[in-house]
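Reader: I have a few questions about how the terms are applied here. Could we go through them one by one?

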Amino acid sequence: MKILTCPMNGPRNINEFQNFGPLKANPDPDATSDQDWARHLFRADNSRGTLVEWWRHVPSNYFFLAERNATTNEVIRTFDPSELEQM
Amino acid sequence: MIAVGGMNYDKAMKAGVELPIRCYPLQAMVTQPLKPWLHTLVSSVSLHTNLVQSSRGEIVIGGGSDPYQLYSTRSTLDMKEHLAEGAVHLIPFLHGVRLLRQWAGTTDMTADYSPIMGASPLSNLWLDCGWGTWGFKATPVADKYMAQTIANQKVAPILEPFTMERFATFDLLNEMGATAASH
Ligand SMILES: Cc1cc2nc3c(=O)[nH]c(=O)nc-3n(C[C@H](O)[C@H](O)[C@H](O)COP(=O)(O)OP(=O)(O)OC[C@H]3O[C@@H](n4cnc5c(N)ncnc54)[C@H](O)[C@@H]3O)c2cc1C
């Protein structure tokens, strides 16, 4: 089984995790047009390169981010959401 | 017309059309041939497993998509174990039957699990995309109407609900119960 390294729990079997899809910007609902809001909801990064995406370690309900190559499935790194502010 | 399966997203991007599609692998496998005994399609939504016997006698076992988006078409041991477990739950006498082969393909998934058919934002560029996990049962008739659409330069009325615009107007289609893991 594929192993994913959780920033909090360390290396775990991937079936302990749930994928929440690519990271998106958080648009302001009051300042966003309906068209852009629909795009925000229904569109996500579908590139073949490196994705930054949300994951959850289900038993501990811990949300974190991973950089993963969408073609090779290589996980480049996983990190706590607090690091996002530094990105 | 853009109708290139797992390549739809990339092809549309080349024309500057951004499809609301994400690509996931879907896997299936077949057993060694058996004498005919299964004359219907057996499907369990809770086990995420479906079975059908081909005319060559192989039991074709399929299920849900992989749990995250990916362009690789390698099949995984996890999914084989999962499908075998579901198959044996449904039909216990399959437990000693051998697997003959397995494979994976790229499925182009939309947010409502329904295809995108009809016009694109560009004139004379037509879309037949997003068939995802259930396209080969439905495409023959869909493409009859796509051919009509192109010949008449007007979207066939029966295809209108499948417009890409439905995402912008929140008119999503409720087809998921008819598809997803269930066949
Ligand atoms: C493992 C697995 C099991 C499935 N099980 C079922 C099932 O039980 N029931 C069901 O209904 N569906 C099932 N599907 C889904 C079904 O296979 C697809 O939804 C369907 O094939 C999509 O049809 P399509 O015509 O849109 O694309 P495709 O069938 O992928 O056809 C696209 C064609 O375009 C070609 N192409 C690609 N790029 C180009 C290019 N640049 N120029 C020209 N041609 C190009 C490709 O070679 C291909 O022949 C399954 C899929 C997989 C992977």
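Reader: What makes the backbone of B:Phe136 a polar contact of the ligand?

Author: Happy to start there, with the reminder that this is a predicted model. A backbone N or O atom of B:Phe136 sits 3.2 Å from an oxygen atom of the ligand. A polar contact is a pair of N or O atoms within 3.5 Å, so this pair qualifies.

Reader: Which distances do B:Trp134 and B:Gly135 show to the ligand?

Author: For B:Trp134, a polar backbone atom is 2.9 Å from an oxygen atom of the ligand. For B:Gly135, a backbone N or O atom lies 2.8 Å from a ligand oxygen. Both B:Trp134 and B:Gly135 are also named among the nearest residues, together with B:Gly132, B:Thr133 and B:Lys137, out of 18 around the ligand.

Reader: How much of the ligand does the protein bury?

Author: The ligand taken alone exposes 1,000 Å², and the protein buries 59% of that. In chain B, the elements giving two or more residues to the shell are strand E1 (22-31), strand E5 (99-109) and helix H3 (135-152). By class, the shell has 9 nonpolar, 7 polar and 2 charged residues.

Reader: Why is the ligand said to lie between domain 1 and domain 2 of chain B?

Author: Because both domains give residues to the shell around the ligand. The assignment for chain B gives domain 1 as 5-20 + 111-169 and domain 2 as 24-106. Their C-alpha centres lie 29 Å apart, and 4 residues of domain 1 are in contact with 4 residues of domain 2.

Reader: What does chain B look like in outline, in helices and strands?

Author: Chain B has 3 helices and 7 strands, which follow the pattern α-β-β-β-β-α-β-β-β-α along the sequence. Its C-alpha atoms fill a box of roughly 55 × 30 × 25 Å along the principal axes. Of its 183 residues, 46% count as buried. Among contacts between residues at least 6 apart in sequence, 67% join residues at least 24 apart.

Reader: Why is B:Glu58 called buried?

Author: Its relative accessibility is 6%. Buried means under 20%, so B:Glu58 falls into that class. B:Glu58 is found in the loop between strand E3 (49-53) and strand E4 (59-65) of chain B. Beyond its sequence neighbours within four places, B:Glu58 is in contact with residues including B:Val30, B:Pro33, B:Leu34, B:Val52, B:Leu100 and B:Arg101.

Reader: How do you know that B:Thr110 is buried, and what does its side chain reach?

Author: B:Thr110 has a relative accessible area of 6%, and the limit is under 20%, so it counts as buried. The side chain of B:Thr110 reaches the backbone oxygen of B:Ser114 at 2.7 Å. That side chain also makes a polar contact with the side chain of B:Asp112, at 3.1 Å. B:Thr110 lies in the loop between E5 and strand E6 (116-119) of chain B. Leaving out residues up to four places away in sequence, B:Thr110 touches B:Pro20, B:Ile21, B:Ile116, B:Gly130, B:Arg166 and B:Phe167.

Reader: Is B:Tyr113 buried, exposed or partly exposed, and what makes it so?

Author: B:Tyr113 is at 28% relative accessibility. Partly exposed covers what lies between the 20% and 50% limits, so B:Tyr113 counts as partly exposed. B:Tyr113 is placed in the loop between E5 and E6 of chain B, and it has a positive phi of about 60° although it is not a glycine.

Reader: And what makes A:Asn61 partly exposed?

Author: The value for A:Asn61 is 47% relative accessibility. Exposed means over 50% and buried under 20%, so A:Asn61 counts as partly exposed. A:Asn61 is found in the loop between strand E4 (50-57) and strand E5 (62-69) of chain A. A:Asn61 also has a positive phi, about 50°, although it is not a glycine.

Reader: Why does B:Cys129 count as buried?

Author: At 0% relative accessibility, B:Cys129 meets the limit of under 20%, so it is classed as buried. B:Cys129 lies in strand E7 (residues 126-129) of chain B. B:Cys129 touches, among others, B:Ile2, B:Asn8, B:Leu19, B:Asp108 and B:Pro115. From B:Cys129 to B:Asn8 there are 121 residues in sequence, yet they are 6.2 Å apart in space, C-alpha to C-alpha.

Technical notes
Residues are numbered from 1 along each chain as its sequence is written. Chains are lettered from A and ligands numbered from 1 in the order in which they are written. This is a predicted model: local features need pLDDT of at least 70, side-chain atom pairs count only at pLDDT 80 or more; totals for chains, interfaces and linings use all residues. Side-chain values use heavy atoms; hydrogens and water are left out. A residue is near a molecule or strand if one of its heavy atoms lies within 4 Å of it. A polar contact is a pair of N or O atoms within 3.5 Å; within protein, one must be able to donate a hydrogen and the other to accept it, and residues adjacent in sequence count only if both atoms are side-chain atoms. Accessible areas come from the Shrake-Rupley method with a 1.4 Å probe; for residues, only the protein chains shown count as cover. Helices (H or I, at least four residues) and strands (E, at least two) are DSSP runs, numbered from the N terminus. Ala, Val, Leu, Ile, Met, Phe, Trp, Tyr, Cys and Pro count as nonpolar, Asp, Glu, Lys and Arg as charged, and the others, Gly among them, as polar. Domain bounds come from an automatic or database domain assignment. Buried means under 20% relative accessible area, exposed over 50%, partly exposed in between (1.4 Å probe, protein chains only). Contact means heavy atoms within 4.5 Å.
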